[in-house]
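Work through the exercises below with the sequence and the 3D view side by side. Try each task before reading its solution.

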Amino acid sequence: MKVLFISDIHLGARYMGDTRTHEARVVNFLRNEAHDADSLYLLGDILDYWFEYRNVVPRGFIRFFGELAALSDAGVKITWMTGNHDIWLFDYLRDELGIEVVDAPYIVSKIGTRRFILAHGDRIGRTTAGFRFICSLFRNKVCQKLYSGLHPRITVPFAKAWSNSSRCGKGAIDDAERKAQIRTLVEDADKLAKANPDIDFIVMGHHHIPLDIPLPQSSARLIVLGDWIDNDTYAIFDGNDITVRRYRL
Ligand SMILES: [Mn+2]
């Protein structure tokens, strides 16, 4: 059995500079690693910004979407859990690519003989009240309807600038703060594992730090996928165990 997990690619992010090279790295990974996989889990923030209007979709990501389509057509089961950057995947990518789109704080899923909690992770671990408020607006159906009525000439530059500023904020985190962030994350994951006692692995993205930590109060392990900005990391599950790896071209 081969199952892949990947998150936080942030395709199209302005701060990546050369977005075409960034996309090519990811497509290369999928081409070399995913074609013999049984399933592929995209755990959110795959696209830095995306909004599906009813009849129109944003430009870009052609090679990435093409590769997902090829994988899906070849029988690889693809599940895309939305993150806080790619919340607005509605039915277009789902139907066009033949994938499953999931918008939930987390899901419990049996893969092979093991039980997983899968999440993007933005609703697990340390978050500020402001961040939670913004995310609840982003997920609100009425707000989405109103937003879709605005011309993309207004919304796209706004969204890209907002994403860019939140990234610049993240870069300013110092070591002490990062350690505190990981400590809170482990505590929260531990609570989640205790509430779901037969869980083997909690796999999530969002935090942009590759981690594989045994949880203190359960037999489960916390796997954080890292990202494709600084780390180029993913996780691979063989039916029995899961490992976090760095992709090298
Ligand atoms: Mn995120």
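**Exercise 1. Locate Asp 38 and describe its surroundings.**

Step 1. Asp 38 sits in the loop between helix H1 (19–34) and strand E2. Helices (H or I, at least four residues) and strands (E, at least two) are DSSP runs, numbered from the N terminus. This is a predicted model: local features need pLDDT of at least 70, side-chain atom pairs count only at pLDDT 80 or more, and totals for chains, interfaces and linings use all residues. Residues are numbered from 1 along each chain as its sequence is written, and side-chain values use heavy atoms, with hydrogens and water left out.

Step 2. Check the exposure. Asp 38 has a relative accessible area of 41%, so it is partly exposed. The scale is: buried under 20% relative accessible area, exposed over 50%, partly exposed in between (1.4 Å probe, protein chains only).

Step 3. List the contacts (heavy atoms within 4.5 Å). Leaving aside residues up to four places away in sequence, Asp 38 touches Met 1, Lys 2, Gly 75, Val 76 and Lys 77. Its side chain reaches the backbone nitrogen of Lys 2 at 2.8 Å.

Step 4. Compare sequence and space. Asp 38 and Val 3 are 35 residues apart in sequence, yet 5.8 Å apart in space, C-alpha to C-alpha.

**Exercise 2. Trace the six-strand sheet.**

Step 1. Read the order. This open sheet runs E4-E3-E2-E1-E10-E11, with mixed pairing. Two strands pair if DSSP finds at least two bridges between them.

Step 2. Find the edges. Strand E4 (100–102) and strand E11 (242–246) each have a single partner strand, so one side of each is left without a neighbour in the sheet.

Step 3. Look at one pair. Strand E1 (residues 3–6) and strand E10 (residues 233–237) run antiparallel, joined by three bridges. Val 3 has Phe 237 in E10 as its bridge partner.

**Exercise 3. Which residues coordinate the manganese ion?**

Step 1. Name the donors. They are Asp 45 (OD), Asn 84 (OD1), His 120 (NE2) and His 206 (ND1), at 2.0 to 2.3 Å. Donors are N, O and S atoms within 2.8 Å of the metal (3.2 Å for Na, K and Ca); water is not among the atoms, so sites may look incomplete.

Step 2. Read their spacing along the chain: D-x38-N-x35-H-x85-H.

Step 3. Place two of them. Asp 45 is in the loop between strand E2 (39–42) and helix H2 (62–73), while Asn 84 is in the loop between strand E3 (77–81) and helix H3 (92–97). They are 39 residues apart and link distant parts of the chain. Both Asp 45 and Asn 84 are buried.

**Exercise 4. Follow the five-strand sheet and what lies against helix H7.**

Step 1. The order is E5-E6-E7-E9-E8, again an open sheet with mixed pairing. Strand E5 (107–111) and E8 are the edges, each with a single partner strand, so one side of each lacks a neighbour in the sheet.

Step 2. Take the pair E8 and E9. They are antiparallel over five bridges. A hairpin of six residues joins them. Pro 214 has Arg 221 in E9 as its bridge partner.

Step 3. Turn to H7 (residues 175–195), a helix of 21 residues. Its buried residues include Ala 180, Thr 184 and Leu 185. Among the elements covering its buried residues are strand E6 (114–119) and strand E7 (201–204).

Note on methods: Expected span 1.5 Å × (residues − 1). Polar contact = N/O pair within 3.5 Å; in protein donor to acceptor, adjacent residues only side chain to side chain.
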